[in-house]
Amino acid sequence: MTKARILVADDQRDVLEALKLLLRGEGYEVETATSPGGVLAAVEARDFDAALIDMNYTRDTTGGIEGLDLISRLKTLDAFLPIVVMTAWGSVEGAVEAMRRGARDYIEKPWDNGRLLNTLRTQIELGRALRTTQRLEDRQRLDRKEGFPEIIATAPAMQPVLRLMERVGPSDANVVVTGEHGTGKELVAEWLHAASPRAGRPMVTVNLGGLSEGVFESEMFGHVKGAFTDAKADRMGRFELADGGTLFLDEIANIPSAQQAKLLRVLQTGMIERVGSSKTRRVDVRVLAATNADLQAEVAAGRFREDLLFRINTIEIHLPALRERREDIAPLAAHFLRRHAQRYRKALAGFDAEALELLLAHPWPGNVRELDHAVERAVLMARQGTVRAGDLALRAQTGAAPRLEELTLEEVERMLIKKALERCGGNVSQAAVALGLSRSALYRRLQQHGL
Ligand SMILES: Nc1ncnc2c1ncn2[C@@H]1O[C@H](COP(=O)(O)OP(=O)(O)OP(=O)(O)O)[C@@H](O)[C@H]1O
Ligand SMILES: [Mg+2]
């Protein structure tokens, strides 16, 4: 095998000298650079097996912005170049950000020679393997839409949800997906679209919460040239873009009543007019909507039009919070671990027992998204083999849901009954079936537990 060539960059000469000495001693060919410009010029000029780069270059910066920029630019120059960053000791957040940008690993300064050599050796081997094995083909396979997004749902609380999705997915029914932040509402909308005959057409998403009053109409319905000062040309709105497909209205509860009225009119007539034009156009869209608000309560409070609610929620799919489907925590964590380990090319087999326990005990107020982020971060932090508790950055939470094994039998029963009732929307007969009890037996227990 040819000698591996490493590019080392730092603005401090003594650091460069020390690294050069160390790496040459191990039989590597070493080139050095003292600025981001120098690094880019070197990589443009020839191939390297790895780049070991500092995050800060101008004397008095420590934010690592230059390093992050440099990583992004290196990735566009040579997507296969393994980049290892050097960060100040203790600046773990910087390392995480660097790895999100595409660095493969990090070394803390002052470095440990053995660890540094180990890390570089691993990355060089990995990088060489990646370059030679038809990596491009792999990528294309990974990036290809498999149609349906993968939804992990093994918990009992998710089974009625899945059944409902399967029933309404293929139909043209308007669906409102509700649930707390990060429970997977958008994912469910994508799934419903994929399951529909409209799957071959686009699903167009509009975040209504993010649309200012001024641009709502032109965004949704389009405009014609000259309709207002900035209208330099005709522009299609989201309704037209979604024609034949699905329009996903995210954060539907967040629109003022004037916009609610406009939306309602279009949904009732199936016709739109671009701003500045009186020509009506027919659009054929299926509307999916999502919100973390309680729309019934919004209606009761006079903040959301009841007729609009009727129009959009032919079916409501409610996603339980992650704490109400704790059975999904482990499979979701494993799913995200696989995904991020692949993305960051880390060989991680799973979580060790202590890490898993932490995951299971955490209350997850940010739901599945919070779990996703926690696992991503842990994957970046993990050294090798398995993710450990320390990689997770989850502190034992005060006010956390108590662990099952800390409860009495009676408390567990009470909790299970409460959850069954919540899942069944307060319907006692359904909850009884779910719990394997007769209706009267459940009533007795409800009284006994004061529920
Ligand atoms: N059941 C699931 N299986 C696999 N991944 C999931 C699941 N639920 C959510 N996710 C992932 O979690 C993240 C958050 O999901 P999503 O964006 O759909 O949530 P949301 O309810 O729309 O959140 P918000 O209210 O904050 O907009 C996404 O990356 C999504 O792919
Ligand atoms: Mg969302």
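Colleague: Which residues come nearest to ligand 1?

Modeller: Keep in mind that this is a predicted model. Of the 16 residues around ligand 1, the nearest are Ile152, Gly182, Lys185, Leu187 and Arg369. To be in that group of 16, a residue needs a heavy atom within 4 Å of the ligand.

Colleague: What makes Arg369 a polar contact of ligand 1?

Modeller: An N or O atom in the Arg369 side chain is 2.7 Å from a ligand oxygen atom. The cut-off is 3.5 Å between N or O atoms, so the pair counts as a polar contact. The backbone joins in too: an N or O atom of Glu186 lies 3.1 Å from an oxygen atom of ligand 1, and one of Leu187 lies 3.0 Å from an oxygen atom of ligand 1.

Colleague: How much of ligand 1 does the protein bury?

Modeller: Taken alone, ligand 1 exposes 640 Å², and the protein buries 87% of that.

Colleague: Which elements give two or more residues to the shell?

Modeller: Those are α8 (185-194), α14 (329-343) and α16 (367-381). By residue type, the shell splits into six nonpolar, five polar and five charged.

Colleague: Now the sheets. Why are β7 and β14 said to stand at the edges?

Modeller: Their sheet is open, with five strands in the order β7-β10-β13-β6-β14 and parallel pairing. β7 (203-207) and β14 (315-318) each have a single partner strand, so one side of each lacks a neighbour in the sheet. Neighbouring strands there are turned by 20 degrees against each other on average, direction ignored.

Colleague: How do you know that β6 and β14 pair?

Modeller: Pairing takes at least two bridges, and four join β6 (residues 175-178) to β14, with the strands running parallel. Within these strands, Val175 stands opposite Ile315 of β14. Helix α7 (residues 159-168) lies across β6, β13 (286-291) and β14, at about 145 degrees to β14.

Colleague: What is the strand order in the open sheet that holds β1?

Modeller: That five-strand sheet runs β2-β1-β3-β4-β5, with parallel pairing. β2 (29-33) and β5 (105-109) are its edge strands, each pairing on one side only.

Colleague: What makes β4 and β5 a pair?

Modeller: Set five bridges, in the parallel sense, between β4 (residues 83-88) and β5 against the required minimum of two, and they qualify. Asp105 in β5 is the bridge partner of Val84.

Colleague: Which strands does α1 lie across?

Modeller: Helix α1 (residues 13-25) lies across β1 (5-9), β2, β3 (50-54), β4 and β5, running at about 170 degrees to β2.

Conventions
Residues numbered from 1 in each chain as written. Chains lettered and ligands numbered in written order. Predicted model: local features only at pLDDT ≥ 70, side-chain atom pairs only at ≥ 80, totals over all residues. Heavy atoms only, no water. Polar contact = N/O pair within 3.5 Å; in protein donor to acceptor, adjacent residues only side chain to side chain. Areas by Shrake-Rupley, 256 points an atom, 1.4 Å probe, with all protein chains shown as cover. Nonpolar A, V, L, I, M, F, W, Y, C, P; charged D, E, K, R; others polar. Axes fitted to C-alpha atoms, helices over the stretch in contact; angles between N-to-C directions. Contact = heavy atoms within 4.5 Å.
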